[in-house]
Amino acid sequence: MDTLLRVDALEKTFLMHQFDEKKITGCRNISFSVNEGEFLGITGPSGSGKSTIIKCIYRTYLPTGGHIYYQSDLYGTVDLASAMDRQMIKLRQTEIGYVSQFLSIMPRTTALEFVAESLLEMGEDEAAARLRAEDMLAHFHLREALWNTYPKTFSGGEKLRLNLARAMVRKTRLLLLDEPTASLDQASKETVKERIHELKMAGTTMIGIFHDLDFMESVVDRTYQLQSGILKEVN
């Protein structure tokens, strides 16, 4: 299998200006690779740096050291640690998806518009985007009565399912998942599992952070554990 993403000596340090320029290490010397179509899971205690790794790949955080080599359809080999902002915007629109357990949405945007928007960014026409968005909202058991309402009033589980619907409707090449089952009931977890298996069959590469180890073991191909700043593959 071809390698889609290779992380080499990744480091992220946070500078705390309110505490006399104190430096906090988010992650350091992180190295791993993931092949096309593979699902890699990362575990570890809270605060160990798991989310920092994912956010550096997505470039929510700008790494302070190391490299993140991604094989892009658009640009060829790209180092996401130093790619230009316009390249990252385009890659997020077309190739790299991200699911957070927290919902970030523009005010006065309905749930249906939120999901359809991600398809419009990829060039799909409005009618087709709306139909696919409706299918995905139904797949994640979001009641039709909620589709044209503002998600500010949604429960935590409904917001997470909406995030999943938006990210998974696009079938990106690389999908990053940060606690994709947090605050979900068992039935919703089964829906997520079903969709993950569909994406794997379609060739999507995934990296996920998990606390729910039973769920993780049912979907991932390989597991890494982050402990005391050291990332090791678990056999």
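Is Asp-221 buried or partly exposed? Asp-221 is partly exposed, because its relative accessible area is 43%. The points below deal with a predicted model, and the salt bridge of this residue is taken up in point 7.

1. The largest nonpolar core. This core has 36 residues, and Leu-164 and Met-168 are the members that touch the most others. Two or more residues come from each of α3 (111-120), α4 (126-139), α5 (156-168), β7 (174-178), α6 (186-201) and α7 (213-217). Leaving aside residues up to four places away in sequence, Met-168 is in contact with Met-136, Phe-140, Leu-175, Leu-177, Val-192, Arg-195, Ile-196 and Leu-199. Apart from this core lies another, of 32 residues, which includes Leu-10, Met-88, Tyr-98 and Leu-231. As background, nonpolar side chains in soluble globular proteins tend to be buried together.

2. Helix α5. The helix has 13 residues, and the distance from its first C-alpha to its last is 18 Å, close to the 18 Å expected at 1.5 Å a residue. Because 11 of its 13 residues are buried, α5 is largely enclosed by the rest of the structure. The buried set contains nonpolar residues such as Leu-160, Leu-162, Leu-164 and Met-168, but also Glu-158, Arg-161, Asn-163 and Arg-166. The elements that the buried residues of α5 pack against are β6 (96-99), α3, α4, β7 and α6. One of the buried residues, Arg-166, lies over the face of Phe-114, 4.5 Å from the ring centre.

3. Helix α1. This helix covers residues 50-58, and 7 of its 9 residues are buried, so α1 too is largely enclosed by the rest of the structure. Its buried residues are Lys-50, Thr-52, Ile-53, Ile-54, Cys-56, Ile-57 and Tyr-58. After the helix comes Arg-59, with a positive phi near 70°.

4. Aromatic pairs. The structure has 5 of them. In one, Phe-39 and Phe-210 have ring centres 6.0 Å apart and planes at 50°, so the pair counts as tilted. Phe-39 belongs to strand β3 (residues 39-43) and Phe-210 to the loop between β8 (205-209) and α7; the two are 171 residues apart, and the pair links distant parts of the chain. Both Phe-39 and Phe-210 are buried. Together with Phe-215 they make up one aromatic cluster.

5. A stacked pair. What arrangement do the rings of Tyr-58 and Tyr-98 have? Their centres are 4.9 Å apart and their planes at 20°, so the pair is stacked. Because Tyr-58 is in helix α1 and Tyr-98 in strand β6, the pair ties together parts 40 residues apart in sequence. Tyr-58 and Tyr-98 are both buried. Tyr-58 also has Arg-92 over the face of its ring, at 4.2 Å from the ring centre.

6. Salt bridges across the chain. There are 16 salt bridges in the structure. One joins the side chains of Glu-95 and Arg-173, at 3.5 Å from N to O. Glu-95 is in the loop between α2 (85-94) and β6, and Arg-173 in the loop between α5 and β7, so this pair ties together parts that are 78 residues apart in sequence. With a relative accessible area of 3%, Glu-95 is buried.

7. Salt bridges that involve helix α6. Glu-190 and Lys-193 meet through their side chains in a salt bridge of 3.5 Å, N to O. They are 3 residues apart in α6, so about one helical turn separates them. In general, an α-helix has 3.6 residues a turn, so residues three or four places apart point the same way. Glu-190 counts as partly exposed because its relative accessibility is 38%. A second bridge, between the side chains of Lys-200 and Asp-221, has an N to O distance of 3.3 Å. Lys-200 lies in α6 and Asp-221 in the loop between α7 and β9 (222-227), so the bridge ties together parts that are 21 residues apart in sequence. Lys-200 is partly exposed, with a relative accessible area of 21%, and Asp-221 is partly exposed at 43%.

8. A salt-bridge network. Glu-36, Asp-73, Glu-95 and Arg-173 are joined into one network by salt bridges that share partners. The bridge between Glu-95 and Arg-173 was described in point 6.

Key:
Residues are numbered from 1 along each chain as its sequence is written. This is a predicted model: local features need pLDDT of at least 70, side-chain atom pairs count only at pLDDT 80 or more; totals for chains, interfaces and linings use all residues. Side-chain values use heavy atoms; hydrogens and water are left out. A nonpolar core is a set of buried Ala, Val, Leu, Ile, Met, Phe, Trp, Tyr and Cys residues joined through side-chain atoms within 4.5 Å. Buried means under 20% relative accessible area, exposed over 50%, partly exposed in between (1.4 Å probe, protein chains only). Helices (H or I, at least four residues) and strands (E, at least two) are DSSP runs, numbered from the N terminus. Contact means heavy atoms within 4.5 Å. The expected span of a helix is 1.5 Å times one less than its number of residues. Rings of Phe, Tyr and Trp (its six-membered ring) pair if their centres lie within 6.5 Å; planes under 30 degrees apart count as stacked, over 60 as edge-to-face and the rest as tilted. A charge sits over a ring if NZ of Lys or CZ of Arg is within 6 Å of the ring centre and within 35 degrees of the ring normal. A salt bridge is a side-chain nitrogen of Lys or Arg within 4 Å of a carboxyl oxygen of Asp or Glu.
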